[in-house]
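This report takes up the side-chain contacts of one protein model, moving from its chain end to its charged pairs and then to its nonpolar interior. Please keep the sequence and the structure below at hand while reading.

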Amino acid sequence: MNRKKRAKLHDIYREIPNIACKGHCSVACGFIAMSKGEYEEMRKATGRKPSVVRGDRCNYLNLETGRCNAYDARPAVCRLYGVVDVMPCVFGCVPEKMLTEGEARHIMDRISSLFGEPR
């Protein structure tokens with residue numbers, strides 16, 4: 001991915017509110033959708049391709065800590081977990097701001113458009 005697209009992607013990521021994560025959401029770390037650009041970012045950051053292990057969990061999930069080994073490179077869907085009104089954190093983690101489903105869809109659509117992918 002070129003620098004311009006990477007910068008735009010990270011600009012979009014900065015629009016996603018932070019959440020005071022307690023690290024219990026690893027139960028949600030399974031098969032997820034991501035753009036081609038996000039896939040490439042995770043592969044570049046870790047040296048490994050994103051995949052699902054044993055059909056039920058993300059290969060970046062550290063089973064000892066319950067944390068993501070690719071946290072800084074995680075895709076938008078992971079960043080949105082717990083900060084969108086239709087997918088709140090079931091463990092009580094509180095975002096600095098809650099996004100509406102429409103706002104989250106707009107973020108995902110912009111990422112898809114950035115990489116020329118169908119929405």
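Helices (H or I, at least four residues) and strands (E, at least two) are taken as DSSP runs and numbered from the N terminus. On that basis, Gly 116 belongs to the segment after α4. The model is predicted, so local features need pLDDT of at least 70 and side-chain atom pairs count only at pLDDT 80 or more, while totals for chains, interfaces and linings use all residues. Residues are numbered from 1 along each chain as its sequence is written, and side-chain values use heavy atoms, with hydrogens and water left out.

Accessibility is described with three words: buried means under 20% relative accessible area, exposed means over 50%, and partly exposed lies in between (1.4 Å probe, protein chains only). Gly 116 is exposed, because its relative accessibility is 66%. The C-alpha atom of Gly 116 is 9.4 Å from that of Ser 35, although 81 residues separate the two along the chain.

**Charged pairs**

A salt bridge is counted where a side-chain nitrogen of Lys or Arg lies within 4 Å of a carboxyl oxygen of Asp or Glu. The rule gives 6 salt bridges, and the table lists some of them.

| Pair | Closest N to O distance |
|---|---|
| Arg 14 and Asp 11 | 2.3 Å |
| Glu 15 and Arg 110 | 2.7 Å |
| Arg 105 and Glu 101 | 2.7 Å |

In the pair of Arg 14 and Asp 11, Arg 14 is exposed at 60% relative accessible area, whereas Asp 11 is partly exposed at 40%. Glu 15 is in the loop between α1 (3-13) and α2 (36-46) and Arg 110 is in helix α4 (residues 101-114), so their salt bridge ties together parts that are 95 residues apart in sequence. Both partners are partly exposed, Glu 15 with a relative accessible area of 40% and Arg 110 with 27%. Arg 105 and Glu 101, by contrast, both belong to helix α4, where they are 4 residues apart, about one turn of the helix.

What is the nearest side chain of opposite charge to Arg 57, which is buried yet has no salt bridge? It is Asp 56, at 4.9 Å, where Lys and Arg count as positive, Asp and Glu as negative, and His and the chain ends are not counted. Arg 57 lies in strand β2 (residues 57-58). With neighbours within four places in sequence left aside, Arg 57 is in contact (heavy atoms within 4.5 Å) with Cys 29, Gly 30, Ser 51, Val 52 and Leu 63.

**Charges over rings**

A charge is said to sit over a ring when NZ of Lys or CZ of Arg is within 6 Å of the ring centre and within 35 degrees of the ring normal. The charged end of Arg 74 sits in this way over the ring of Tyr 71, 3.7 Å from its centre, and that of Arg 79 sits over the ring of Tyr 13, 3.7 Å from its centre.

**Nonpolar cores**

A nonpolar core is a set of buried Ala, Val, Leu, Ile, Met, Phe, Trp, Tyr and Cys residues joined through side-chain atoms within 4.5 Å. The largest such core has 14 residues, and Leu 9, Tyr 13 and Ile 107 are among those with the most contacts inside it. Two or more residues come from each of α1, α3 (76-80), β5 (83-84) and α4, and α4 gives the most, with 4 residues. A second, separate core of 5 residues includes Cys 58, Tyr 60, Ala 70 and Ala 73.
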